[in-house]
Amino acid sequence: DLPISIFSLKTRQLLCRLFDEQDKMGRDWCLLAIALQQQHLIPQLDQDDTFQSKTDQLFEELTRKNSSLPIRYLLQKFLDIDRRDAFE
């Protein structure tokens, strides 16, 4: 399986745009962090006052901890939190 670290810049930007926006059902970067078992990062990322994408920071942390995390795993998490738009 291909690792998420090989995402193109465009793919990463599109995912960040999708998850950084407030979702009316709460399916944003916070729920993605929980689905990825990274809920401990939420307070740290939420307090970050920089203008960097929270989703991008989450992806950075994921690839730093596990550079071989498969894309298939991430795609399944998108489906688990009912984000077919991100999956597609």
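**Exercise 1. Determine whether I71 is buried or exposed, and describe its surroundings.**

Solution. I71 has a relative accessible area of 17% and is therefore buried; buried means under 20% relative accessible area, exposed over 50%, and partly exposed in between, with a 1.4 Å probe and protein chains only. The model is predicted: local features need pLDDT of at least 70, side-chain atom pairs count only at pLDDT 80 or more, and totals for chains, interfaces and linings use all residues. Residues are numbered from 1 along each chain as its sequence is written, and side-chain values use heavy atoms, with hydrogens and water left out.

Next, locate the residue: I71 belongs to helix α5, residues 71-80. Helices are DSSP runs of H or I with at least four residues, strands are runs of E with at least two, and both are numbered from the N terminus.

Then list its partners. Not counting residues up to four places away in sequence, I71 touches L2, P3, I4, I6 and F7, where contact means heavy atoms within 4.5 Å.

Finally, compare sequence and space: I71 and L31 stand 40 residues apart in sequence, and their C-alpha atoms are 18 Å apart.

**Exercise 2. Establish which residues L74 is in contact with, and whether L74 is buried or exposed.**

Solution. L74 is also placed in helix α5. Its relative accessible area is 0%, so L74 is buried. With neighbours within four places in sequence left aside, the contacts of L74 are I4, F7, L32, L36 and F59. For one of these, L32, the separation from L74 is 42 residues in sequence and 9.3 Å from C-alpha to C-alpha.

**Exercise 3. Describe the protein chain as a whole, beginning with how many helices and strands it has.**

Solution. Count the elements: the chain contains 6 helices and 0 strands. Its radius of gyration is 12 Å, close to the 12 Å that the globule rule gives for 88 residues, so the chain is as compact as a globular protein of that length. This radius is taken over C-alpha atoms, and the rule is 2.2 Å times the number of residues to the power 0.38. Along the principal axes, the C-alpha trace spans about 35 × 25 × 25 Å.

Turn next to burial and contacts. Of the 88 residues, 42% count as buried. Among contacts with a separation of 6 or more, 68% come from residues 24 or more positions apart.
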